[in-house]
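Reader: Let's walk through this model, beginning with the charged pairs. I'll jump between topics as we go.

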Amino acid sequence: GHFRLLCKPSALAQHLVRSLGRSAALRGGRWPWPRWPQLQMLWQLLQPPEPERVVARELLQLPDAGVVALDWLVGPWGAAGGGGGVSSSVLLLIPNAAGKVTGGLLQLGLRALERGFIPVIFNRRGHNGCPLITPRLQPFGDPGDLREAVTYLRCRHPSASLLAVSEGSGSGLLLAYLGESGSSSRLAAAACLSPIFRGRDWFEAGMPWLYEWPLLLHLKQGLSRYVGALAEVVDMDRLLGSRSLRELEETLFCRTRSRPTSWECYWERNEPLRDVDEAAVPVLCLCSADDPVRGPPAQSLPRELFRSSPYFFLLLTPHGGHCGFPRRRPGRCWAHEAVLEYFRAMGEFLRTEERRKGLPRPR
């Protein structure tokens with residue numbers, strides 16, 4: 001009674017309803033103060049720091065000589081990939097647009113590692129300690145760098161299923177990639193936690209200061225490391241003096257010295273749902289009606305997309321905040337369990353369909 005699954009009727013939807021209905025993650029154990037989403041955000045920000053994660057970092061060089069970083073989570077056995085072997089599923093974790101690897105995203109990766117997945121974090125150019133080799137950062141909805149990373153992961157693990165999950169504003173990148181790639185995405189399934197569906201509206205509306213200012217300071221701190229490299233293409237004084245995420249985004253990608261463009265043209269190329277009709281991969285979006293970051297559901301949730309597309313599923317809960325979805329047990333987020341159950345159900349459904357149709361498994 002606390003959850004609604006909005007989707008177009010199909011055999012896949014029926015299978016997902018049965019699987020999530022049996023999941024213990026969606027029953028009981030809610031947080032004692034569910035009606036205070038701002039308090040949930042404050043609780044997330046004030047959590048004690050996570051222990052230093054153990055990762056094996058790879059730097060992937062891109063066609064224009066830029067670099068992105070892939071952080072493979074390492075288990076206690078001392079090897080990346082959870083010891084799952086070649087048949088394990090690779091789970092690509094995409095942080096928010098600020099590049100911040102939150103405690104929640106890290107918990108999801110570690111939980112997936114325990115389940116036999118191979119979790120790897122995608123870090124954009126200049127984010128999370130990834131060096132900025134060229135004076136170019138990744139726009140909000142430009143999936144070019146993500147496409148190169150997915151191609152590399154497919155080559156490294158050719159026989160494994162490739163899955164992806166994004167958090168918050170990082171979902172803009174994943175949704176843009178799925179729409180632009182269509183049936184060539186190489187992903188078996190995807191999930192978005194508290195996604196931002198309409199990027200331009202989100203930047204223009206702004207967010208609660210409790211969330212916007214920490215993200216803004218986090219971005220400025222990272223960009224200040226590259227003052228010399230970016231000064232030739234961006235007005236760094238204006239950039240570091242930005243008082244909102246919109247002003248920073250506009251300065252960084254629209255008011256450039258080499259290729260200035262308008263705010264309208266920028267979003268024509270970077271709106272997450274611009275090619276959504278071409279998406280051909282099952283996508284589960286977990287959203288809460290009281291999300292103070294995404295905005296009011298009536299304006300920020302594209303309900304018609306979930307009613308018309310057979311690939312998009314909206315799991316909507318009245319309370320959960322932004323990427324919080326907490327329950328009483330410490331260190332637990334019921335959305336993480338729901339995402340992992342969703343991936344298990346997708347794998348089960350696809351294997352059943354292959355046997356039913358007699359299709360050979362892709363090599």
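Reader: Which residue forms a salt bridge with E337?
Author: R111, with the closest N and O atoms 2.7 Å apart. A salt bridge here is a side-chain nitrogen of Lys or Arg within 4 Å of a carboxyl oxygen of Asp or Glu.

Reader: Which helices do E337 and R111 lie in?
Author: E337 is in helix α14 (residues 334-357) and R111 in helix α3 (residues 103-114), so the salt bridge ties together parts that are 226 residues apart in sequence. Helices (H or I, at least four residues) and strands (E, at least two) are DSSP runs, numbered from the N terminus.

Reader: Before going on, what are the ground rules for this model?
Author: It is a predicted model, where local features need pLDDT of at least 70 and side-chain atom pairs count only at pLDDT 80 or more, while totals for chains, interfaces and linings use all residues. Residues are numbered from 1 along each chain as its sequence is written, and side-chain values use heavy atoms, leaving out hydrogens and water.

Reader: Back to E337: buried or exposed?
Author: Buried, at 12% relative accessibility. The cut-offs are under 20% relative accessible area for buried, over 50% for exposed, and partly exposed in between, with a 1.4 Å probe and protein chains only.

Reader: How many salt bridges are there in the whole structure?
Author: A search finds 18. One of them pairs R136 with D142, the closest N and O atoms being 3.0 Å apart. R136 is partly exposed at 31%, and D142 is partly exposed at 22%.

Reader: What does E348 meet in a salt bridge?
Author: The side chain of R344, at 3.3 Å from N to O. Both residues lie in helix α14, four residues apart, which is about one turn of the helix. E348 is partly exposed at 28%, as is R344 at 35%.

Reader: Which residues do salt bridges that share partners join into one network?
Author: R111, E114, R115 and E337.

Reader: Switching to strands. What does β2 pair with?
Author: Strand β2 (residues 55-61) pairs with strand β3 (residues 67-73) in the antiparallel sense, over seven bridges. Two strands count as paired if DSSP finds at least two bridges between them. Within that pairing, A56 stands opposite W72 in β3.

Reader: How many residues sit between β2 and β3 in the hairpin?
Author: Five, and A65 in the turn has a positive phi of about 80°.

Reader: Which strand partners W72 on V120's side?
Author: Strand β5, where V120 is the bridge partner of W72. Four bridges join β3 and β5 in the antiparallel sense. Strand β4 (residues 90-94) also has four bridges to β5, but these two run parallel. L91 stands opposite P119 in β5.

Reader: How many residues of β5 are buried?
Author: Six of the six in β5 (residues 118-123), so the strand is largely enclosed by the rest of the structure. I118, V120 and F122 point one way, P119, I121 and N123 the other, and all are buried. In a regular strand the side chains alternate between the two faces of the sheet.

Reader: Where is the S194 with the positive phi?
Author: In the loop between β7 (189-193) and α6 (199-205). Its phi is near 50°, positive in a residue other than glycine, and S194 is buried at 0% relative accessibility.

Reader: And where does C323 lie?
Author: In the loop between β9 (312-317) and α14. C323 has a positive phi of about 60° although it is not a glycine, and C323 is buried at 13%.

Reader: Last topic, empty space. How many cavities of 30 Å³ or more?
Author: Two. A cavity is a set of points, on a 1 Å grid over the protein atoms alone, where a 1.4 Å probe fits but cannot get out; lining residues have an atom within 4 Å of a point. Grid points are joined across faces, edges and corners, and a volume is the space filled by probe spheres set on the points.

Reader: What lines the largest cavity?
Author: W202, F203, G206, M207, E212 and L245. About 40 Å³ of space lies in the largest cavity.

Definitions and conventions:
1 Å grid on protein atoms, 1.4 Å probe; cavity = no way out; pocket = protein on both sides within 12 Å on 5 of 7 lines; lining within 4 Å.
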